[in-house]
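Biologist: Could you take me through one part of this model closely, namely the largest cavity and what surrounds it, after a word on the chain as a whole?

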Amino acid sequence: MIHVGDNSWNLRIFITDQALEKTIRVRGDQHIGAIMLQLVDPENPKDWSDHALWWAARNVWLDRTGMTLDQCGVQAGILLHYTPMHKILRVQLPDLRYLDCRVDFSTKTFTAVVNLCKQLDIRYPEELSLCKLLEPEHLKRNFARVPHQKRWPITEQDGTTCLPPTFVPTNAVVHEDGGSTASLDTLSAQGSISCVPFSPQYYRVKSPTASLSPGTWGQSQIDNAPYDSSSSSLADFQENLASSPPTPCSDVRARQLRPKTLKEKARLNVGWLDSTVSLMEQGIREFDSLCLRFKYFTFLDINPKYDQVRINQLYEQAKWSILNEELDATEEETLMFAALQLQVTHQSDLQPQVVESDPDSFSQENYGDEEIDSVLDELQITLGGPNGGGDSTNITIPDLSDYLWFRKPRKFNQRGYKRYYFTYRDLHLHLFKSAEESCQVAPAIRINLEECVVTPDVNVAQRKYAIRLKILNGSNSEISVRCENEQQFAKWMAACRLAAKQRFLADSTYESAVDGILSLLQMQRPFHGIRVNIDATSVVAKDYLSPRILRKLSNKAVQRILEANSNACLLNATESKLKYIQGWQSLLNFGVSFFIVKFQGHTKKELLGMTHDRIMRMDLGSGDHIMSWRYSKMKAWQIHRERNLIMLQLEDKNVVFSCQSANCDVVHEFIGGYIFMSMRSKSNNQTQNEELFKKLVGGCF
């Protein structure tokens, strides 16, 4: 049929569900929604609400149904795909288990993570993000982006090995341009994401050793049988995520990366996805594997009552970062972590033996005074501290002053210490020769803690309690403050950490920080003997210790772990996990995301460290701090994507650098993301302001 003068032309559309290509007559002023209506067959009614047009050549979704073809740039000769927006994504959780999820591939990655965490029962989803699985070759040299990932076989619990399909499944069509998926009619509708143990039709190969593996959650469906939603509940699913197997399957653990240098640690951040772009537009296709990880190391309101899954996954991410030596830990700290991990495993083994009480027995009659008091205490803490909403005039600011030992820079010996009288005032340390002089003369030494990096230097066995202060005001000097005992160290360490965050001693978290430091020190005390009756043959040392410490302890490793466990034997599983997370947060370089950069005007590559409150310029070889810039002192920051440059506009100058180990968008998103985290509060935490997040991480200011 010949059309003359109507300005119409042919448009090719491939319908993935039907493996059918249609050619329809359209005009440039037609809306996308009208085009989609032309594809519907009235004789075969079907729910097409989850489908949208995908332009493979441009790598974009045409999901704005009100826009015309001319506005989208669609012309004659172009092939579009009419495909479901929700597709199966294999997600690796922080505990290294895999989960098959039905995710919206057309929405922004930030929204997809929010919806995913909602189904996983993880609060504050803005702290997490998706990243690509890395391989050892990614640590050997710099990549701007992660190349196309390999498809690793995953061992299921029934002993089978699942390979993502490289062929056309029976109920789906994988077109050469679109990578589309099957219709959603075959799946149970449970919102935008179906986080149930559903396994798509993988190509399965029997494993040579068919044994139960904790590498995945939920058993795969045998003979491609459809999943029965009545066989599992969301509550059972979330309860399973609140407790993880002691060890993952061997093939998953064998692929764990162990960075050895700062360069390799910096290259770990190349895999983060862009939160403002959809999964499909970033090259992710159905059945691909991604990692769900905590990206921003500032955790708001961890509450065991509501965060069982969140606490467990945080604990697992902390555990693997220590076992893989992403963070450095001393022998005493490593044994403490091993003891807590063993206690978690031991308590999890005892959990099935506990007889659950009758739900009906928990009635209003049993809700006594103790429960009411605990609820009131929790409400007071939520409202801002132990004093709750009391009169602010009655707040007592702790007075911190005492005799401590001070070591001047570059004197790394015991004789270098000199005794001073320390006072803490307004985020500064004032050093006097005596207590009498503190009221009469100016301090002999004055240290601004806001410009310091605070790290502990502790050896409980040798009764060494020191605080290292790295001054970042240009002198880059390092001083050491030695305390006499644990109580003194805990008070001054907590004060220095708060001051580095620009928070005063009147902060409601000061007392709890002191108690937390004391409890961690108590757990590092040497203990000779074993309190708990645990079979030593059931403890595999490599599951609890990093390779470096394991080589050092050799045959004594298991005995040392069991002895260290004596300090944690009274804790339950949740308390042990919280102690583990607390110890993780106290490690050197915790929460620092590294990048290899090159500053404008310099040819030497340097290290950039991103934390929750500042950006640090560091030496690539030694990790020594050179300069730091707080987010609060930045006027603006800009990104030049074509040249892969980022500019920080400070009060007195502009700092321009290019990122060598990742795309500049990753660094730019870290800056905006941490600023977004700092704007959160418990009063408005229920709503994620996606528009504000996109504004902070997505453009120039």
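Modeller: A residue is called buried here when its relative accessible area is under 20%, and by that criterion 53% of the 701 residues in the protein chain are buried. The model is a predicted one, and its protein chain contains 16 helices and 26 strands. Among contacts in the chain with a separation of 6 or more, 66% are between residues 24 or more positions apart. The accessible surface of the chain amounts to about 33,600 Å², with carbon and sulfur atoms contributing 49% of that area.

Turning to the part you asked about, the structure has 7 cavities of 30 Å³ or more, and the largest cavity encloses about 830 Å³ of space. Its lining consists of 38 residues, and those nearest the centre of the cavity are L268, W272, R293, Q317 and E326. Several elements contribute at least two residues each to this lining, namely the strands β8 (128-132), β12 (289-294) and β20 (593-599), together with the helix α7 (308-323). By residue class, the lining of the largest cavity comprises 21 nonpolar, 10 polar and 7 charged residues.

For a view of a single buried position, consider Y420, which belongs to strand β14 (residues 417-425). Y420 counts as buried because its relative accessible area is 5%. Beyond its neighbours within four places in sequence, Y420 makes contact with D402, Y403, L404, F406, L431, F432, K433, A444 and I445. One of these partners, L431, is 11 residues away along the chain, and its C-alpha atom is 5.9 Å from that of Y420.

Methods. Residues numbered from 1 in each chain as written. Predicted model: local features only at pLDDT ≥ 70, side-chain atom pairs only at ≥ 80, totals over all residues. Heavy atoms only, no water. Helix = DSSP H or I, 4+ residues; strand = E, 2+ residues; numbered from the N terminus. Buried < 20%, exposed > 50% of the residue type's maximum accessible area, 1.4 Å probe, protein only. Contact = heavy atoms within 4.5 Å. Areas by Shrake-Rupley, 256 points an atom, 1.4 Å probe, with all protein chains shown as cover. 1 Å grid on protein atoms, 1.4 Å probe; cavity = no way out; pocket = protein on both sides within 12 Å on 5 of 7 lines; lining within 4 Å. Points joined across faces, edges and corners; volume = space filled by probe spheres on them. Nonpolar A, V, L, I, M, F, W, Y, C, P; charged D, E, K, R; others polar.
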